[in-house]
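Student: I would like to go through this structure by way of a few questions. Please show it to me before we start.

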Amino acid sequence: MRLGIDWGGTKLEIIALSDDGTELYRKRVATPQNDYDGCIRAVMNLVEIAENETGQTGTLGLGIPGSISPSSGLVKNANSTWLNGNPLDKDLEAALGRRVRVQNDANCLAVSEATDGAGVGFKVVHAIVIGTGCGTGISMEGKPLIGANGISGEWGSTPIPWMREEEFPGPVNWTGKPGTIDMLCSGTGFEWDYEDTTGIGKSGREIVSMMRAGDEQAQATYQRYLNRLARAMAMSANLLDPDCFVLGGGMSNVDELYDDLAEAMRPYIFSDGYEVIIRKAKHGDSSGVRGAAWLWSKNNP
């Protein structure tokens with residue numbers, strides 16, 4: 001049995017998977033806010049409950065909104081800031097008495113979809129989470145691509161490529177950098193663009209509904225968003241040339257993107273021909289927690 005935990009800013013979710021990927025158990029609880037020790041105890045409690053309910057002992061993987069630095073062994077870049085500076089994997093291993101694997105949550109999405117989701121059969125899968133922020137994870141042959149310094153796929157604080165004059169400098173992200181991918185290609189950025197141009201605040205869902213109903217302002221916001229996301233993905237195509245892009249997060253449910261993105265990317269791709277494969281995450285909101293479980297699998301023994 002494989003246990004996975006998705007460590008989010010507001011909830012901790014555990015899943016238990018059989019060897020063939022069948023869901024055996026799932027439970028979520030609120031994340032103890034600003035309480036590192038409380039979070040450790042919450043994880044211990046979830047593991048105990050899952051194993052009692054299934055009658056099995058499992059391997060454990062965690063997806064977190066950050067990563068563990070290979071140089072220091074400490075969590076870095078987590079927007080759940082109370083994780084930063086702590087040896088999370090070592091503390092959990094000591095508390096649970098077993099090995100634990102910890103990965104960035106976007107890497108978990110990539111592993112999940114490469115293992116038994118929309119990226120099955122592809123060697124290199126670039127998973128993009130377009131929700132409140134915009135982060136990415138990369139899977140190679142079913143394994144997370146971590147990188148020498150643990151920052152592979154961290155494109156969020158990179159400025160939008162091929163930035164246009166009217167976009168400069170752009171809104172500031174949580175690290176203090178303007179015009180970044182995580183601001184302009186996220187669901188947050190989609191909403192920001194509409195409010196910035198109309199002076200009216202709307203949810204992403206409302207803007208999409210208005211766009212489909214023919215509202216010109218909403219359609220213009222969608223076109224700007226499409227072009228920005230296409231430029232960011234074209235940069236990935238030029239650097240990584242993945243076999244498949246998989247989209248997750250709230251904006252991945254905007255089905256028009258799958259019709260429009262490939263063509264919008266082409267002017268920015270450095271090739272005379274490019275086969276762009278873009279798919280929606282098969283497991284949706286469950287991909288992160290499933291990917292955490294699959295950190296222990298035939299691809300990750």
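**Cysteines, cores and the largest pocket**

Tutor: This is a predicted model. Cysteine 244 has 0% relative accessibility and therefore counts as buried.

Student: How many disulfides does a search of the whole structure find?

Tutor: A disulfide requires two cysteine sulfur atoms within 2.5 Å. The cysteine sulfur closest to that of cysteine 244 belongs to cysteine 134, 16 Å away, which is too far for a bond. For cysteine 134, the closest cysteine sulfur is in cysteine 185, and at 5.3 Å that is also too far for a bond. The number of disulfides found in the whole structure is zero.

Student: Which helix gives the largest share of the largest nonpolar core?

Tutor: The largest nonpolar core has 39 residues, and Ile130, Met233, Leu261 and Met265 have the most contacts inside it. Elements supplying at least two residues each include strand S8 (124-130), helix H7 (216-239) and helix H8 (256-265). The largest share, 11 residues, comes from H7.

Student: Which residues does methionine 233 touch, leaving out those up to four places away in sequence?

Tutor: Met233 is among the residues with the most contacts inside the largest core. With those sequence neighbours left out, its partners are Ile128, Trp155, Phe245, Leu247, Leu261, Met265 and Ile278.

Student: What is the volume of the largest pocket?

Tutor: The pocket is lined by 48 residues, and those closest to its centre are Asn79, Asp105, Val129, Gly133 and Gly135. By class, the lining has 28 polar, 11 nonpolar and nine charged residues. The volume of this pocket is about 1500 Å³.

Terms used. Residues are numbered from 1 along each chain as its sequence is written. This is a predicted model: local features need pLDDT of at least 70, side-chain atom pairs count only at pLDDT 80 or more; totals for chains, interfaces and linings use all residues. Side-chain values use heavy atoms; hydrogens and water are left out. On a 1 Å grid over the protein atoms alone, a cavity is a set of points where a 1.4 Å probe fits but cannot get out, and a pocket is an open set with protein on both sides within 12 Å along at least five of seven lines; lining residues have an atom within 4 Å of a point. Grid points are joined across faces, edges and corners, and a volume is the space filled by probe spheres set on the points. Ala, Val, Leu, Ile, Met, Phe, Trp, Tyr, Cys and Pro count as nonpolar, Asp, Glu, Lys and Arg as charged, and the others, Gly among them, as polar. Buried means under 20% relative accessible area, exposed over 50%, partly exposed in between (1.4 Å probe, protein chains only). A nonpolar core is a set of buried Ala, Val, Leu, Ile, Met, Phe, Trp, Tyr and Cys residues joined through side-chain atoms within 4.5 Å. Helices (H or I, at least four residues) and strands (E, at least two) are DSSP runs, numbered from the N terminus. Contact means heavy atoms within 4.5 Å.
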